[in-house]
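The following exercises concern a structure that is to be read strand by strand and residue by residue. Each task is followed by a worked solution.

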Amino acid sequence: MAERSFKKEVEKLKLGAGERFEGEGILAVTKALLQSGVAYVGGYQGSPISHLMDVFADANDLLAGLDVHFEASASEATAAAMLAASVNYPLRGAVAWKSVVGTNVASDALSNIASGGVRGGALVIVGEDYGEGSSIMQERTHAFAMKSQMWLLDPRPNLPSIVDMVERGFQLSEASNTPVMLELRVRSCHLTGEFTAKDNIRPEFTVSDAAANPQRDTDRIVLPPANFLHEVEKVERRWPAAIEFIRENRLNEWFGPQGGDDRGTEGDGAIGIIVQGGLYNNLNRALELIGLSDSFGNSRIPIYCLNVTYPLIPDEVRDFCLGKKAVLVLEEGQPEFIEHELNTLMRRSDIQTRIVGKDPMPRAGEYTAQVIRDGLGSFLRDWAPDIAPQQPRSDPLPAEAAAQIPGRPAGFCTGCPERPIFTAMKLVERELGPSHVSADIGCHLFSILPPFNIGNTTMGYGLGAAGASAFKPKDKRAIAIMGDGGFWHNGLTSGIGNAVFNKDDTVTLIVDNGYSAATGGQDILSSRAENKARTTQHPIERAVRGVGGKWVRSVNRTYDVARMRDTLREALTTPEKGPKVIVASSECMLNRQRREKPLKKKALKDGKRVVRERFGVDPDTCTGDHSCIRLSGCPSLSIRPNPDPLRQDPVAHVDNSCVGCGLCGEVSHAAVLCPSFYKAQLVSNPGRWERLVHKVRQAVISMLQGWDGRARAARAF
Amino acid sequence: MTPQSTAAAGPKRLSVAILALGGQGGGVLADWVQTVARAHGWTAQGTSVPGVAQRTGSTVYYVEMVQQGERAQAGDPDEPPVMALMPVPGDVDVVVASELMEAGRAVLRGFSSADRTTLIGSTHRIYAIGEKSGMGDARGSAERILEAAAQRSRRFIGFDMEAVTERAGSVISAIMFGALAGSGALPFGRGSFEDAIRGSGIAVESNLRGFDEGFRAAQQELSLPEEPQSDFPAPTSETGRRLTARIQGSLPEPAHEAALHGVQRLMDYQGAAYAEAYLGRLLSIAALDAPPYTLTAEAARHLALWMSYEDTIRVADLKVRETRMDRVRGEVRAEDDQLLKVTEYMHPRLREVCETLPAGMGRAILGSRALTRLLDPLFRKGRHVETTSLRWYAMLFILSRMRPLRPRSLRYAEEQARIDAWLDEVRETALRDRVLATEIVRCQRLIKGYGDTFERGLRNFAAVMQGLRTPPPGRAPAAWAAELREAALADEDGEALKERLLAA
């Protein structure tokens, strides 16, 4: 079960010709795939394309009706390899993932598919996770497109353009026998907008048709001598074909005045801007703020907008640059591949136009409208001073005020079952001293942030154990962390299998929360839930033992901090050699709440006995040291002003978002903290007997309290 | 600068930035805003970077709305106006922030500008992990943010949205939506906002209630969250009046409030005689003090805290009170027809048990290896103490009645010795450097908590007391003492303190 249900979104996929589609960018892509007659879709979830996967996963009936095959791939490599279906058959296929990490994983299959080429249109949709909100290394997918000779689309960020580019992408792929990448930036995936829908198209040729009529062409297989032919074919046939298609169909766009003395000034002062399609909106806003464009993109400076950022179209570039003194290139990230190629094109054609890029524009970081405005201002002051804006004056918030605003690093959710694992690690660290910790990708990576500050490196998804493999201990073992998602993505082989084979003496902690939780709670092989469309409930421990793991311990309730701590201590100190694997399982709290909350609500409504648990802190015994917070970091465990007039430090406080996971109590026991925590169990609709017992107890306690109260009054101030 | 001035001929455009924490419904709010705009024939676009939806992360949602002119109505609906994907500093009409520091962040990032922006921000705090996990008080200053918010917005609407959410039994996104409507910053009538809530079809009733509260709160003056107020304690008994008179007669005025609180607390803690002893100690310091009497005022506070150290009797005493159960019921929002069970997490170790015993006996056990080894396993596990059950309540109740035995306990002997040593140091220092003596008084703050935390506090206290005797050349001793104390509160492992002491 994914994080949320997408039934409503699935309805949008059914819209027919002429109807208005309203929704998110990535959902529009999903609809566009169906409108393009796609025969199969695969991919691996991750921000910012998770919704595409989730919606398709919820759209089983619709897809079955259209004969479209959908698969939640085991990894990006699996997804890319799936495109093999388009090599021999006229099948349109699309796969999606988060880039650049997903592209890294997929690169083996991508190189193969790009080398042999395709017959049916093959589209790779990459969610470019770059800039604010990104959680990965800042690299460009562009490099992959160039080195494998795949065409890279970067449409203007509005729904009609994006949808159009999906369809054109398939056509381009077919016209040039080359897989095509469609790059969407994070915000484009999540932007809302509208477009006029078309009917969904049932593929003329389906995956079952292909399976029934196998075709073979050894020239498409990467093996000598065909691989050498592929290289030539790429250069001599596919590349020119792509350029021809892009030019014919005007995939790139021009805005503003075009021609000799554009931008309203005379002759040799002419300038222009070449922009990646995805940055066009930010560029227009920057121009608008300078007074050189309007809301509808009526720029006073000529713009050449690259909806296809690879390959460049030499004729178009030449025509645009000819007669201009300088052209600004807006190209996000580095290296500046486009700028390099533009310069080469200028030299080859002997055109004297100056290509200006990473000089006024920053080398690193997202090109927001603000950044473009600044860079553009500087460009204009150099090349068109008559229309250049004033140097903007900045008025930053004074440092004393700015210093008050705290950073908000991401952390584990309220009640997260992964938190107690790291609490236990902290406690073991106090006993045995710090270990080298090789972290992985997933929610558990938040352990590297406050308050836990655990983790030395992270090398990639499922690579936690592999990242610890060089540490051959004498007496101190390294600890590797791996999530269940990473485990099934590749960790079983790259981590566990490798450790068994190489006789590693490390400790691997597999965090099993039942889902691929960080990407939205998708099911995986070891998920506990029944899933109608897939098979689940394949235990991780069995897989570990299956590849030869011997020392394997399962902890089935991570909230048991003492047990977690003891198991971890044992793993770190046992004389047994070989990899030590701990599988720590408890269900992701987000998903659990999503499932249980409505059930509880209903039970309450039906008058059934329901118990709600939550924690609290007594402010008069809390002394405001906050050790508990340093061992937890739970969002519902916070602080508030000390109600005690003599004390100054704020006291700990549990707010009503507490889900009663029990960690606070376990921690105060395991770490011998303080007696301030209490667990409250609120019983709604209690039974008759229960009520009676409670009444009797209450009567006795009230009596004692009355006595106590009188004694207290006697010594009152 | 008005929204139109940058593109004088263009259509009217409005932009709204929403700064919220994951899980606060910022996305829902952004959707509602777009729904309202579209209902009025405007083109609306929203963007966000949800990615890490965890509660602690701060997220910006951004909505742009363009009033379509004739040109667009005549033209292709698929040729929308060109909209930005992120708020541009200086180009935002409305900022809605769900928390005070997020409002501050909007100001910091330049989203709110003095000539243009309506800034709607909650004045309550959701503390960041860095503020929560400090060993003392690591909270950011709200005053500075409020000041900046007022200066750097055309209009600042601030109120405690969390309190309003509570009151309305709603969610904070509905309050923000109401405040947005109530601010009048968008040219749409109240009805269309309410229609957006109705149209979404989820929790309509409570959302509308929250919306209404938010709408009205936006019309009010700036208001801050209520802080706990401590009243000047008024005596209710004969002893109380006598001690009050003594305080007022013999202590300098700046120390009165803390001394009254101190006396009240110690009478409750042990009895009148103990409170008298407190005053006696305090007077011995006041005798060495001079205006502005900071030393005495600080001593009144810290001495009372130290003398009411948390032993097992005190903890039991605080847990069994009637007022405590009432407080718990309120805190966990128990409804009248709900039964409440309360379980405490206690772990009296052998050490704490012995500390409660008469000093001789406690010392004998702790001093004997054989006995400790024999008894220790009995007290190694934490106990789940269900205070609402008869057995456990009675146990705690009996423990709380052991107050008269306290003066004979081992812990009492130890604490009084520590207090006396500390006060000797304070008095001796006060003769030559009152400011330094005040800093020594304040070092009591380092000793707090239970078990390991308490022991760490004692260690730090001893290290600071040792270190402050030898300030580095050229350093004022008082400033040095303060610096050491802050260093002791900087980290749990005492690294900062060690470093500071080594560098000296």
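The model is predicted.

**Exercise 1. Determine how many residues of strand β7 (residues 180-185) of chain A are buried, and which residues cover each face.**

Step 1. Strand β7 of chain A is mostly covered, since 6 of its 6 residues are buried.
Step 2. One side of β7(A) carries A:Val180, A:Leu182 and A:Leu184, and the other carries A:Met181, A:Glu183 and A:Arg185.
Step 3. These residues are all buried, and both faces of β7(A) are thus covered.

**Exercise 2. Identify strands that pair with β7(A), and state the sense of each pairing.**

Step 1. β5(A) pairs with β7(A) in the parallel sense over 6 bridges. Within β7(A), A:Leu184 is the bridge partner of A:Gly127.
Step 2. Strand β6 (residues 151-153) of chain A also pairs with β7(A) in the parallel sense, over 3 bridges. Here A:Trp151 stands opposite A:Val180.

**Exercise 3. Place these strands in their sheet and name its edge strands.**

Step 1. The open sheet consists of 7 strands of chain A in the order β3-β2-β4-β5-β7-β6-β12, with mixed pairing.
Step 2. Its edge strands are β3 (69-70) and β12 (308-310) of chain A, each of which pairs on one side only.
Step 3. Further inside this order, strand β4 (residues 93-99) and strand β5 (residues 122-128) of chain A pair in the parallel sense over 7 bridges. In this pair, A:Ser99 stands opposite A:Glu128.

**Exercise 4. Is helix α2 (residues 25-35) of chain A enclosed or open to the outside?**

Step 1. Of the 11 residues of α2(A), 11 are buried, so the helix is largely enclosed by the rest of the structure.
Step 2. Among the buried residues are A:Ile26, A:Leu27 and A:Val29, as well as the polar-named positions A:Thr30, A:Lys31 and A:Gln35.
Step 3. Just after the helix, A:Gly37 adopts a positive phi of about 75°.

**Exercise 5. Which residues make the nonpolar surface patch, and which helix gives the most to it?**

Step 1. The patch of about 610 Å² is made by A:Trp689, A:Leu692, A:Val696, A:Val700, A:Met703 and B:Leu390.
Step 2. Helix α26 (residues 688-714) of chain A gives the most, with 5 residues.
Step 3. A:Met703 lies in this helix. With a relative accessible area of 57%, A:Met703 is exposed, because the cut-off for that class is over 50%.

**Exercise 6. How many disulfides does the structure hold, and where do A:Cys443 and A:Cys628 stand?**

Step 1. The search of the whole structure finds 0 disulfides over all chains.
Step 2. For A:Cys443, the nearest cysteine sulfur belongs to A:Cys416 and is 6.5 Å away; a disulfide requires sulfur atoms within 2.5 Å.
Step 3. For A:Cys628, the nearest cysteine sulfur is that of A:Cys674, 6.4 Å away, and A:Cys628 is likewise in no disulfide.
Step 4. A:Cys443 is buried at a relative accessible area of 12%, and A:Cys628 counts as buried at 11%.

**Exercise 7. Locate A:Arg202 and state its exposure.**

Step 1. A:Arg202 lies in the loop between β8 (192-196) and α11 (207-212) of chain A.
Step 2. Its relative accessibility of 43% makes A:Arg202 partly exposed.
Step 3. A:Arg202 and A:Ile639 are 437 residues apart in sequence and 58 Å apart in space, C-alpha to C-alpha.

Key:
Residues numbered from 1 in each chain as written. Chains lettered and ligands numbered in written order. Predicted model: local features only at pLDDT ≥ 70, side-chain atom pairs only at ≥ 80, totals over all residues. Heavy atoms only, no water. Pairing = 2+ DSSP bridges. Helix = DSSP H or I, 4+ residues; strand = E, 2+ residues; numbered from the N terminus. Patch = residues over 30% accessible without salt bridge, like charges linked within 9 Å, V, L, I, M, F, W, Y side chains within 5 Å. Areas by Shrake-Rupley, 256 points an atom, 1.4 Å probe, with all protein chains shown as cover. Salt bridge = Lys/Arg side-chain N within 4 Å of Asp/Glu carboxyl O. Buried < 20%, exposed > 50% of the residue type's maximum accessible area, 1.4 Å probe, protein only.
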